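Reader: I should be grateful for a close look at the part of this model where the two chains meet. Please set that part in the context of the rest of the structure.

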Amino acid sequence: MAKLLLRRTRTLLILIPIIILVIIFWQARPLRSDNFVFYLPNASHVVPVQAIGHANYVPLLQVLNIVGKVQGLTAARDSLKVWVEDNQIEVRQDDKKVRIMKKNIKLSDPVRVDNGQWMVPLNFIEAVLPKIIREPVVYRLGSRRAFIGDVRPSSFSFRLDPIPNGSRLTLQFTNKVNIRTASRNGKWVIYLGEKPVQPLEQKFNFQDAYLANIQFDDQDGMPKLILTPSSDGLNFYPKLDDSGRTLMADMVKPAAAVAQQLPPVQAPPTPGAAVPPSIAPGAAAPAAPAGPALPVVVLDAGHGAEDSGARGENGVLEKDIVAQLVARVRNALLATNKYRIVLTRVGDVNPSLDQRAATANGARPEVFITFHAGNLGIRAPRIVVYTYQPPSSPTPSADDRSPGIFIPWATAQLSQLARSQQFAQALQEKFASLSGVTVSPPAVAPMRVLRSVNAPAVAVELGSLTTDVDSSPLTNPNFQEEISNAIVQALDDFKGRQT
Amino acid sequence: MTRRAGVIALAILLAVLAAGFVYLHLLTRRAKLEAPQHGEEVARTQLREAALQSPTGPTQNITLYFPSDDEGLLVPETRQITWATNDTDRIHQVLLALIDGSYQGLRRPLPPSTELRAAFLSSDGTAYLDFSSSALALFTPGIQSETLAVYSIVNSLAANIPSVKKVRILVQGQEVETLNGHADLGEDYAPDPTRNKPGS
């Protein structure tokens with residue numbers, strides 16, 4: 001009896017360390033971690049992001065060491081002075097103010113000291129870094145990456161197309177990439193090389209029977225896409241074309257699985273796997289794959305960052321009004337579950353007009369809408385919808401409309417003018433039905449941002465935003481909601497007319 | 001009693017100081033408000049002087065097109081001026097008249113402090129106008145306001161100087177992307193008569 005007990009104890013003693021080791025190393029490398037990535041021209045650095053209270057913080061000295069040369073520091077009990085390049089930075093514990101060469105900059109949250117480390121809120125990257133280093137700092141609010149110096153991140157657009165027994169994911173990159181694929185925890189990971197990548201969208205919205213989710217992640221300094229298939233047992237065939245810019249990945253059911261599915265018995269998705277909305281539980285197996293990816297609408301909020309645009313009587317800025325409006329239009333369109341939305345700017349940044357057009361063209365949108373507010377006279381609120389008018393020939397000739405195989409960047413919009421005008425007409429009709437708003441007939445304007453958009457494109461201008469007219473109606477949430485709903489209806493009408 | 005007098009004296013001193021601060025604040029505010037008016041006055045004087053310096057020639061009625069923000073159109077206004085003899089000087093004259101402003105209270109297409117650094121007319125009829133960058137910074141931004149401003153210049157020049165077929169706007173001698181974020185300045189502008197108010 002005692003011998004048996006001893007043998008069991010010995011077995012347990014061997015098993016317990018094995019179980020502990022398995023628990024430790026199981027999923028030892030999580031696919032996502034909470035970090036901030038700094039991309040420099042020849043390197044990338046990762047710093048941990050830590051939540052303190054309601055805000056996210058990064059360690060101050062680590063960040064300063066990455067972006068500039070720290071020449072010295074003096075630490076007191078509740079304050080820290082650091083010399084970076086030719087600037088002196090002073091921070092105080094629990095104080096929002098950062099003092100740079102005798103000037104104060106206010107952060108969104110107070111500076112904290114955690115485990116002896118000075119921590120600054122993420123807002124430090126956008127508010128302070130550009131003032132202390134010579135290189136340009138590009139940081140999209142809400143993202144966890146910043147580009148310091150002459151770093152040109154590549155970007156990509158994606159689309160999903162149905163193929164027999166599967167879906168084809170096509171990724172179009174702006175620069176050449178080297179890819180490597182791996183499978184981890186039932187997910188497919190596409191590593192996109194060492195060079196920085198800035199995705200156009202923070203979140204990818206789509207409906208597909210084979211792919212449940214796409215997630216971009218570079219939290220460990222390695223840009224990659226994580227694909228979650230909607231069920232187990234799908235085959236994945238990624239292939240990069242010769243140019244190194246187009247990746248096609250087919251996700252298909254194995255032939256055996258397809259044969260088994262006739263008559264219709266669908267293998268149930270593995271527990272925990274996300275079920276796409278297109279497959280209702282208990283529904284018949286999709287004999288034909290689900291429809292194509294949702295059509296894209298690109299929304300462009302004019303201006304941003306140091307370019308505030310027009311200014312209203314109470315200091316209201318055009319860049320803020322249009323950003324608010326774009327957020328409402330985006331929500332209204334997403335609520336229909338009929339569109340995927342791409343924004344040309346997220347947060348208070350100012351991409352160039354060509355970058356905005358590039359974002360639009362990369363997304364192959366159904367329509368492009370740019371929002372502005374300016375001087376439209378004394379009848380406020382007023383809305384004018386514009387389409388593009390080329391400056392050199394106010395009425396484009398037939399030659400301009402036939403672009404041939406290649407579409408010239410500078411005149412891409414010319415081939416789309418007729419459809420742009422149809423969309424402007426649909427918008428004007430819906431805006432005209434709003435009460436208390438003066439709506440002008442669709443107009444034309446030599447709008448620079450519309451020039452290179454290769455899709456039906458319009459500019460919506462709200463007015464008047466000047467210092468001598470009451471601009472309060474423009475910031476009214478109800479007014480903005482009404483405009484958003486009118487845009488949703490106009491888009492439905494426009495699509496109806498197309499088909 | 002002495003203590004009470006001291007308190008009263010302190011109160012009066014504080015009141016005088018407060019009044020002094022308020023007065024100083026009002027003065028600086030007034031100075032700030034008056035500054036542009038002063039600048040405008042100087043600009044107007046300079047413009048008139050420049051116009052007077054033009055060589056004596058025939059008197060001519062010219063048509064200027066001023067933006068009407070309410071209507072989204074250009075409204076014509078006639079002026080009698082002493083017309084210069086060559087086209088480049090005439091371009092200067094038309095622009096100076098536009099900068100001088102409308103007599104009907106319509107918006108100026110260009111801010112009063114605008115400086116036209118140079119104007120050229122090429123053999124193919126393209127007028128190159130080189131404005132100072134300070135003019136650009138003061139521009140009323142907006143799709144309609146910028147479009148009307150550009151066509152105010154282009155239509156006014158083309159209507160009065162037949163050899164002007166197109167207009168190219170430069171800033172500080174350089175090509176710029178837009179006027180103030182909206183209107184494309186990367187191309188030549190041809191006159192667009194549809195922008196002019198019909199029937200006037």
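Author: The account below begins with the contact between the chains and then moves outward to other parts of the model.

The structure is a predicted model, with an ipTM of 0.75 and a pTM of 0.56. Where the two chains meet, 29 residues of chain A are in contact with 21 residues of chain B. On the chain A side, the strands β24, β25, β27 (443–445) and β28 (457–463) each supply at least two of the residues that touch chain B. Sorted by class, this side of chain A comprises 13 nonpolar, 11 polar and 5 charged residues.

One residue that touches chain B is A:Ile378, whose contacts include B:Asp70. A:Ile378 sits in the loop that links β24 (367–374) and β25 (382–388) of chain A. Apart from neighbours within four places in sequence, A:Ile378 also contacts A:Ser464 and A:Val469 within its own chain. The pair A:Ile378 and A:Val469 is 91 residues apart in sequence, yet the C-alpha atoms are 6.4 Å apart. Is A:Ile378 buried or exposed? The residue is classed as partly exposed because it has 14 C-beta neighbours inside 10 Å.

The confidence of chain B deserves attention when the contact is examined. Chain B has an average pLDDT of 84, and 84% of its residues score at least 70. Within chain B, helix α4 (residues 143–160) has the highest confidence, with a mean of 95, whereas helix α1 (residues 2–53) has the lowest, with a mean of 68. Residues 32–38 of chain B have a pLDDT below 50, and this stretch makes 0 contacts in the model beyond near neighbours in sequence. Where pLDDT is low, the predicted coordinates should not be read in detail.

Turning to the interior, the largest nonpolar core holds 63 residues, and those touching the most other members are A:Leu299, A:Val326, A:Tyr386, A:Leu427 and A:Val458. Helix α6 (residues 318–335) of chain A gives this core its largest share, 7 residues. Around A:Leu299, leaving out residues up to four places away in sequence, the contacts are A:Val326, A:Val329, A:Arg330, A:Ile341, A:Leu343 and A:Ile369. There is also a second, separate core of 34 residues, with B:Ala127, B:Phe139, B:Tyr151 and B:Val164 among them.

Chain A as a whole contains 11 helices and 28 strands. Of its 499 residues, 37% are buried. Among contacts in chain A with a separation of 6 or more, 66% join residues 24 or more positions apart.

Several strand pairs of chain A can be followed residue by residue. Strand β8 (residues 97–100) of chain A runs antiparallel to strand β9 (residues 103–106) of chain A, and 4 bridges join them. A:Val98 has A:Ile105 of β9(A) as its bridge partner. The hairpin made by β8(A) and β9(A) has 2 residues between the strands, and A:Met101 there adopts a positive phi near 45°.

A further hairpin is formed by β14(A) and β15(A), again with 2 residues between the strands; in its turn A:Asn165 has a positive phi of about 60°. Strands β14 (residues 156–163) and β15 (residues 166–173) of chain A are antiparallel and share 8 bridges. In this pair, A:Leu169 of β15(A) is found opposite A:Leu160.

Strand β21 (residues 246–252) of chain A contains A:Asp250. Not counting residues up to four places away in sequence, A:Asp250 touches A:Ile163, A:Gly166, A:Arg168 and A:Tyr237. A:Asp250 and A:Thr170 lie 80 residues apart along the chain, with 8.7 Å between their C-alpha atoms. A:Asp250 counts as partly exposed because 18 other C-beta atoms lie within 10 Å, and the threshold for a buried residue is 20 or more.

Finally, chain A has an open sheet of 4 strands in the order β16-β17-β19-β18, with antiparallel pairing. β16 (180–184) and β18 (211–217) of chain A each have a single partner strand, so one side of each lacks a neighbour in the sheet. On average, and with direction ignored, neighbouring strands of this sheet are turned by 20° against each other. At one edge, β16(A) is joined by 5 bridges to the antiparallel strand β17 (residues 187–191) of chain A, and A:Arg180 stands opposite A:Tyr191 in β17(A).

Key:
Residues numbered from 1 in each chain as written. Chains lettered and ligands numbered in written order. Predicted model: local features only at pLDDT ≥ 70, side-chain atom pairs only at ≥ 80, totals over all residues. Pairing = 2+ DSSP bridges. pLDDT = per-residue confidence, 0-100. Contact = placed C-beta atoms within 7 Å. Buried ≥ 20, exposed ≤ 12 C-beta atoms within 10 Å, placed from the backbone. Axes fitted to C-alpha atoms, helices over the stretch in contact; angles between N-to-C directions. Nonpolar A, V, L, I, M, F, W, Y, C, P; charged D, E, K, R; others polar. Core = buried A, V, L, I, M, F, W, Y, C linked by C-beta atoms within 7 Å.
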